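The following exercises are intended for a reader who meets this structure for the first time. Each task is followed by a solution in steps.

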Amino acid sequence: MQLRHVINLHKGATAVVVGALMWIYGNGSVAAWVYLALHGTYGVLWLLKDWIYPDRQWQQPVGWGMAFAGWLVLGLYWLAPFLLISSGVEVAAPIVAGAVALNIFGVFLHYVGDAQKYYTLRYHKGLIDEGLFARSRNTNYLGELLIYGSFALLSMHWQPFVVLAGFFFAIFLPNMRRKDESLSRYDNFEAYRERSGLLLPRLGSLGQG
């Protein structure tokens with residue numbers, strides 16, 4: 001078993017889980033349907049991504065104990081739909097629109113960024129310092145944060161934001177730091193780091209280079 005199998009199972013089950021919550025709580029509100037569309041589609045896109053351009057970091061083997069623990073941790077991402085659907089809270093139209101817009105930006109950055117990384121490294125090994133990665137060294141992580149931020153926003157509750165912060169500091173940030181350490185072996189990395197942000201694009205240097 002590989003770590004990607006655990007992740008894929010969780011991503012693929014999301015639409016089923018959200019739909020089941022809507023049925024259990026009898027919640028067919030617009031916000032609930034929008035959440036199902038956004039998070040469910042995100043899961044399907046993840047499966048397509050793993051099929052078309054997989055990420056090697058998720059191909060590491062894991063034991064059953066680690067797989068079960070990973071499943072429980074990923075289950076925290078389902079807190080947002082549970083809170084939204086079980087509470088029956090009414091979400092204002094501007095909040096729904098904002099969540100959709102945030103999600104679209106996130107999906108673009110996340111999946112296009114991963115595609116650029118995969119196909120660039122497939123045909124040319126080295127430092128990727130152009131395209132979506134020209135001003136941000138972790139565009140794909142930024143996209144993922146926007147995606148889950150949109151889910152948290154739609155939930156109308158603070159707890160999903162705490163969960164997202166936990167994933168950021170426990171997983172995303174350490175991975176970004178390790179990536180910088182790995183990229184530091186390239187001679188032009190220091191110049192690249194000066195004109196790019198670890199996560200957020202460094203826009204102040206757009207006129208240079």
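## Exercises on helix packing

The buried residues of H4 are covered by elements that include helix H1 (3-24), H2, H6 and H7. Helices here are DSSP runs (H or I, at least four residues; strands are E, at least two), numbered from the N terminus. Contact means heavy atoms within 4.5 Å. The model is predicted: local features need pLDDT of at least 70, side-chain atom pairs count only at pLDDT 80 or more, and totals for chains, interfaces and linings use all residues. Residues are numbered from 1 along each chain as its sequence is written, and side-chain values use heavy atoms, with hydrogens and water left out.

**Exercise 1. Determine which residues of H4 are buried, and what follows H4.**

Step 1. Apply the cut-offs: buried is under 20% relative accessible area, exposed is over 50%, and partly exposed is in between (1.4 Å probe, protein chains only).

Step 2. The buried residues of H4 are Ala-80, Pro-81, Leu-83, Leu-84 and Ile-85.

Step 3. After H4 comes Gly-88, with a positive phi near 65°.

**Exercise 2. Describe how helix H6 and helix H7 are placed relative to each other.**

Step 1. Two packed helices are described by the angle between their axes and the distance between the axes. Axes are lines fitted to C-alpha atoms, for helices over the stretch in contact, and angles run from 0 to 180 degrees between N-to-C directions.

Step 2. The axes of H6 (residues 139-155) and H7 (residues 159-183) cross at roughly 170° and come within 10 Å. H6 is therefore roughly antiparallel to H7. For that term the angle must be over 145 degrees; under 35 is roughly parallel, 65 to 115 roughly perpendicular, and the rest oblique.

Step 3. On the H6 side, the residues making the contact include Tyr-141, Leu-145, Tyr-148 and Leu-153. On the H7 side, Phe-161, Leu-164, Phe-168 and Phe-172 are among them.

Step 4. Sorted by class, the contact of H6 with H7 has 11 nonpolar, 3 polar and 1 charged residues. Ala, Val, Leu, Ile, Met, Phe, Trp, Tyr, Cys and Pro count as nonpolar, Asp, Glu, Lys and Arg as charged, and the others, Gly among them, as polar.

Step 5. In the loop between H6 and H7 lies Met-156. Its phi is near 60°, a positive value in a residue other than glycine. Met-156 counts as partly exposed because its relative accessibility is 40%.

**Exercise 3. Compare the expected span of H7 with the distance between its end C-alpha atoms, and locate its bend.**

Step 1. The expected span is 1.5 Å times one less than the number of residues.

Step 2. For the 25 residues of H7 this gives 36 Å, and the end C-alpha atoms are 35 Å apart, which agrees.

Step 3. At Phe-168, H7 bends by about 40°. The bend at a residue is the angle between axes fitted to the seven residues ending there and the seven starting there.

Step 4. Buried residues of H7 include Val-163, Phe-167, Leu-173 and Met-176. The partners against which the buried residues of H7 pack are helix H3 (64-74), helix H4 (79-87), H6 and helix H8 (189-195).

**Exercise 4. Carry out the span calculation for H1 and state where its kink is centred.**

Step 1. The 22 residues of H1 should span 32 Å; the end C-alpha atoms are 31 Å apart, which agrees.

Step 2. The kink in H1 is about 40° and is centred on Thr-14.

Step 3. Among the buried residues of H1 are Leu-3, Val-6, Ala-13, Thr-14 and Val-18. H2, H3, H4 and H6 are what the buried residues of H1 pack against.

Step 4. Gly-26, just after H1, takes a positive phi of about 55°.

**Exercise 5. Is Tyr-42 buried or exposed? Which residues does Tyr-42 touch?**

Step 1. Tyr-42 belongs to helix H2.

Step 2. Tyr-42 counts as buried because its relative accessibility is 1%.

Step 3. Not counting residues up to four places away in sequence, Tyr-42 touches Lys-11, His-110, Tyr-111, Glu-144, Ile-147, Tyr-148 and Phe-151.

Step 4. Tyr-42 and Gly-12 are 30 residues apart along the chain, and their C-alpha atoms are separated by 9.1 Å.
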